[in-house]
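User: Please take a close look at a single part of this model and explain it step by step. Plain wording is enough.

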Amino acid sequence: MIDVEHLSKSFVVRRGKLRRQRHVVDAVADLSFRVERGELLGYLGPNGAGKSTTIKMLTGILVPSSGRVTVAGLDPSRRRIELARRIGAMFGQRVQLWWDLPLIDSFELLRHIYKVPADRYQASLARFREVLDLDPFLHTPVRQLSLGQRIRGELTASLLHEPELLFLDEPTIGLDVVAKQRVRDFLVEINRERGVTVLLTTHDLGDIERLCDRLLVIDHGRLIWDGRIPDLKERYGADRMLIVDLERPAPPLEIEGATVERVDGPRQWLRFRGPAAELTARVAASARLVDLQIAEPDIEEIVRRIYSNPAI
Amino acid sequence: MVEPFVLWRRLVGAQIRSQLQYRASFVLDLAGSFLISFVDFLAVLVIFHNVPRLGEWSVEEVAFLYALSSISFAVTDLAIGHLDQFPQKIRDGNFDILLVRPRGSLYQVIASDFQLRRLGKAAQGLLVLGYALAALHVDWDPGRVAMLVVMIPAGVVLFSSVWVIGACLSFWTTDGGEFTNAFTYGGAFMAQYPIDIYGTWLRRFLCYIVPLGFVCYFPALYILDKRDPLGLPRFLEFSSPFVALLAALVAGTIWRGAVRHYRSAGG
């Protein structure tokens, strides 16, 4: 669905007030990856890492400086209009809906812009109305919608023409927990039920953890991770945390194969690697346990480690 | 050919519905644009209060020129006057949203707004035209009627082309609206008067660089059956539709180049 080979994009920036000097900045450098049809892929990176630049090249907005991009079998920058019919894009911080008009009017206008046949349009809209529960605000002007409602509207707007591939830039930014969950469920739905390939750019690791099988991490314009999330945890943060509640407060336990990270009254946090069964047995042998739980490594923590030390 | 026009009407219709949401502000703007454009015409009357003729032109004839230029300008302003906010669209990245839709970028930019509140100026132009025609005793024949009918769309295309080229600048400067205004509004102002009253340099500018002289001056010579005080060849009287077409082609080409620059340099 997406095929990127040695993709680079550099910008010329002029700095200085009087004698302006030209600097060439590599926003994206030598990026290569493939995305198969039906994947739900996370694309992660700190601000200014080159995420948006990549998305802009994939959608045909920007022309690459060098390298090759194929999206849905097309060269995006040369066949922008043709590609536009087959992809959807939603930028969480931009509004593609018509601000002063009822939500339904935006859908109608987009139907004509994309030349969606009336019956297909009615069928898709009916489904989105149900899944995203649009009916309560379908006739409300967009400017009066809550953020959560607007995002549901934006999602519908970017999917009405039944794209094969959907680009989402920060779709859950600023949403409350309930609204976030709703958007996530919806994305899983369109990915699983309708086979829409989704490329999700986000800062929200919760999105990534709950939605994506595979993750790309980019920093300073370079790809620093491409793989499954469990593998990422394995590689960068195999340590898990055993959290034990003892009968009464105790000094930090001394257990082979684990180090105590934190003590809070009767509760202790033990960092460990490897199977949990033996360790649990050893803890139970040396102290009276009331309760225990195991925390998987936090992806946020892992990503922080990758960013700070990509050479690991 | 018809479908893009139907879509344009839909998109523009949506904008008009949006503007009518703020009814009071809309009515005030409309009245404002109507009144301000009269002050504009007052300037013409003030000139003629002091001099009986402007070069070879009487007050009625200048009113005729003024009216035709005003109408063409006002229609342009209605349809694409929002291009003066185009730099903002580039800066906030909203232009990118248009680029992920399956339509031409210039088409979408033009169809993205419609300044109905500037209808006041068009109404004023029509009133002045009524006055000029009543006072002028034009010898109407099919040729003159045809010229009157053709010159307004040609004028709109000419003005629009200058607007579009002006907007192209913002792909490089991401601002520079004021510089563009000097050509668009400034050019429109100058096209309201007969170009033979200007000095050679300005006249050449209005014929060859920003060809707004073709909006009214040459067609008006034909309709009013006047000898060109400048002694330019007579075929120029019929040239405005062709010049308009040429200007549109140039504007389209520059737009394409500008978008290509934007897409390779990256907003």
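Analyst: B:Phe73 sits in helix 3 of chain B. The model is a predicted one, and the values below were computed from it. B:Phe73 has a relative accessible area of 6%. The cut-off for buried is under 20%, so B:Phe73 counts as buried.

Which residues is B:Phe73 in contact with, leaving aside its neighbours within four places in sequence? They are B:Lys121, B:Phe159, B:Trp163, B:Thr184, B:Tyr185 and B:Ala188. One of these contacts, B:Tyr185, is 112 residues from B:Phe73 in sequence. In space, the C-alpha atoms of B:Phe73 and B:Tyr185 are 8.9 Å apart.

Another of the contacts, B:Lys121, leads to the next element, because B:Lys121 is among the buried residues of helix 7 of chain B. Helix 7 of chain B covers residues 119–136, which makes 18 residues. At 1.5 Å a residue it should span 26 Å, and its end C-alpha atoms are 26 Å apart, so the expected and the computed span agree.

The buried residues of helix 7 of chain B are B:Gly120, B:Lys121, B:Ala122, B:Gln124, B:Gly125, B:Val128, B:Leu129, B:Ala132 and B:Leu136. In general, an α-helix has 3.6 residues a turn, so residues three or four places apart point the same way. What covers the buried residues of helix 7 of chain B? The cover includes helix 2 (23–50) and helix 3 (59–80) of chain B. Helix 3 is also the helix that holds B:Phe73.

Now to the end of this helix. Just after helix 7 of chain B comes B:His137, with a positive phi of about 55°. B:His137 takes this positive value although it is not a glycine. Where does B:His137 lie? Its place is in the loop between helix 7 and helix 8 (142–173) of chain B. Is B:His137 buried or exposed? Its relative accessibility is 69%, and the cut-off for exposed is over 50%, so B:His137 counts as exposed.

To put the pieces together: B:Phe73 in helix 3 of chain B is buried and is in contact with B:Lys121. B:Lys121 is one of the buried residues of helix 7 of chain B, and B:His137, just after that helix, is exposed.

Notes. Residues are numbered from 1 along each chain as its sequence is written. Chains are lettered from A and ligands numbered from 1 in the order in which they are written. This is a predicted model: local features need pLDDT of at least 70, side-chain atom pairs count only at pLDDT 80 or more; totals for chains, interfaces and linings use all residues. Side-chain values use heavy atoms; hydrogens and water are left out. Helices (H or I, at least four residues) and strands (E, at least two) are DSSP runs, numbered from the N terminus. The expected span of a helix is 1.5 Å times one less than its number of residues. Buried means under 20% relative accessible area, exposed over 50%, partly exposed in between (1.4 Å probe, protein chains only). Contact means heavy atoms within 4.5 Å.
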